[in-house]
There are 2 protein chains.
Amino acid sequence: MRKLQKLNKIYWIYGGVMGLLMVLLEVVHYRTMIRDLDIEIYGAIIGLLFLSIGIWVGTNLYKRKTKDVFDPAQLGLSKREVEVLELLAEGFSNQEVADKLFVSLNTAKTHISNIYSKLNVKRRTQAIQKARDLALIYPSKE
Amino acid sequence: MRKLQKLNKIYWIYGGVMGLLMVLLEVVHYRTMIRDLDIEIYGAIIGLLFLSIGIWVGTNLYKRKTKDVFDPAQLGLSKREVEVLELLAEGFSNQEVADKLFVSLNTAKTHISNIYSKLNVKRRTQAIQKARDLALIYPSKE
DNA sequence: GATGAAATCACCCGAAAGGATGAAAATAAA
DNA sequence: TTTATTTTCATCCTTTCGGGTGATTTCATC
C-alpha cells in the first residue's frame, strides 16, 4: 500500500521530468533548425543531453532500490525487540545480549525467538539480513 | 597495485564501449541520411540510444563506487574462503553452504573455521560484520 | 479493577555451530 | 620434480542456538 504510493510518486516525477525534457528537445531542435546548424551537431547535443539524463536516472534508480525506511511497529516489533535486533546485528551472542540488557539468558532467548517469528526467519543471520534490508537497523558503519 | 590495474581495465572497457557506440552512432546517422528520414526520428533514435547508455553507465558507476575496496588476499583469504564468506553473509547454514559448493559439511566447517581465524573473529555474525566493513562482500542484496 | 500487551524468567530437548586435530588429494609454484 | 598451498574430508568434543511450553510481573488502557 504505502510502497505502491511511493513508487507511483516516483513514476510521476520521472514522467514529469521526461515531459520537460521532451519540450527541451523540441526547443533545441527548432533552435538548430533556425540557425541552420549541421545535423551532426544536433545529434551530438541530443546525445549528450540524453546521456546525462540517463546517467542521472540510472544512479537515482539504483539508490532508490537499496534504501527505504520501514516502521518496526508495522511488523509488530516492540521497542525491546528492536534493541535486541540491533545487538544481534553487531554480532553478539545470546549471552552477551542478555548481559548488555541486564536480563537473563532465557529472556534474551525469548526476545530473539519472537523476533524470528515476527520477521519470519529461522536463523539469526537471516534476521540480521532482513533487518538490514528493511532498514530496521543502520545499514552499515560510518 | 592490483587495484589500479583493475580500475585501468574498467576504464579501457568504458573507453572501448564508448568508441563502439560512436561508430554505431555514425552508422545510424548515415543510414537515416541515405533513406532521407525525418530529422525528428533521427533525434529520437539518438536520444533513446544515449538514454539507455546513460542509464547503464549510471547504474554501473554507482555499483563501482560501493564495491571492491579491499583485497581479500591481503588478509590471507583464499578464493574458496571468499566464496564461503559470501554465502555466510546471505544467511545460509553450514549445511546449506556445503550443498551449494558441492562439498561435505566437514569441509564447509573447515573453511568457515579458517575464515574465523583469518578475520580474527569468533562467531559467524562477526565474520559477516567484518566482511561487510572491509567490503569483502557486496554491501547489500542485488 | 479488569484486560491485554510487553517484558521477564525457567526448563527441556534436539539441532546447529564451533574448537582441536589429523590427514589425504589436488593445484600452484619453485 | 619437488615443495608449498589450497581444498578436501574426517572424528571427537563442547558450546551455542533454536523450538516448545508455561508462568510471573509490569505497565498502559479501557
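Colleague: Which residues does Q129(B) touch, not counting residues up to four places away in sequence?

Modeller: In this predicted model, Q129(B) touches A89(A), E90(A) and R132(A). A contact needs heavy atoms within 4.5 Å, so that is what "touches" stands for here. Q129(B) itself sits in helix α6 of chain B.

Colleague: Why is Q129(B) called buried?

Modeller: Its relative accessible area is 16%. Buried means under 20%, so Q129(B) qualifies.

Colleague: What makes up the buried set of helix α3 of chain B?

Modeller: That helix covers residues 79-89, and its buried residues are E81(B), V82(B), V84(B), L85(B), L87(B), L88(B) and A89(B). Each of these falls under the 20% limit, because that is what buried means. As for spacing, an α-helix has 3.6 residues a turn, so residues three or four places apart point the same way.

Colleague: And what covers the buried residues of α3(B)?

Modeller: The cover includes α6 (124-133) of chain A, plus α4 (94-101), α5 and α6 (124-133) of chain B. Just past the end of α3(B), G91(B) takes a positive phi of about 90°.

Colleague: On to the DNA. What makes a residue count as near DNA strand C, and which are the closest?

Modeller: One of its heavy atoms has to lie within 4 Å of the strand. For strand C that gives 16 residues, with S78(A), S104(A), H111(A), K109(B) and Y116(B) the closest.

Colleague: Why is the pair between S78(A) and strand C called a polar contact?

Modeller: A polar side-chain atom of S78(A) is 2.3 Å from a phosphate oxygen of the strand. The limit for a pair of N or O atoms is 3.5 Å, so the pair counts. Y116(B) passes too, because its polar side-chain atom lies 2.7 Å from a phosphate oxygen of strand C. For a base, look at T110(A): an N or O atom in its side chain is 3.1 Å from a base nitrogen of strand C. The elements giving two or more residues to this surface are α5 (105-119) of chain A and α5 (105-119) of chain B. α5(A) gives the most, with five residues.

Colleague: How much of the strand C side of this is sugar or phosphate?

Modeller: 63% of the strand C atoms within 4 Å of the protein, with the rest in bases.

Colleague: How do you know that N106(B) makes a polar contact with strand D?

Modeller: Its polar side-chain atom lies 3.4 Å from a phosphate oxygen of strand D. Polar contacts run to within 3.5 Å, so this one is in. R80(B) has a polar side-chain atom 2.8 Å from a phosphate oxygen of strand D, while the side chain of K109(A) puts an N or O atom 2.9 Å from a base oxygen. Two or more residues come from each of α5 of chain A and α3 and α5 of chain B. The largest share, four residues, belongs to α5(B).

Colleague: What is the class mix of the surface near strand D?

Modeller: Two nonpolar, eight polar and six charged residues.

Colleague: Last one. What does the secondary structure of chain A come to?

Modeller: Six helices and zero strands, in the order α-α-α-α-α-α. Of its 142 residues, 36% are buried, so that share has under 20% relative accessible area.

Definitions and conventions: Residues are numbered from 1 along each chain as its sequence is written. Chains are lettered from A and ligands numbered from 1 in the order in which they are written. This is a predicted model: local features need pLDDT of at least 70, side-chain atom pairs count only at pLDDT 80 or more; totals for chains, interfaces and linings use all residues. Side-chain values use heavy atoms; hydrogens and water are left out. A polar contact is a pair of N or O atoms within 3.5 Å; within protein, one must be able to donate a hydrogen and the other to accept it, and residues adjacent in sequence count only if both atoms are side-chain atoms. Buried means under 20% relative accessible area, exposed over 50%, partly exposed in between (1.4 Å probe, protein chains only). Ala, Val, Leu, Ile, Met, Phe, Trp, Tyr, Cys and Pro count as nonpolar, Asp, Glu, Lys and Arg as charged, and the others, Gly among them, as polar.
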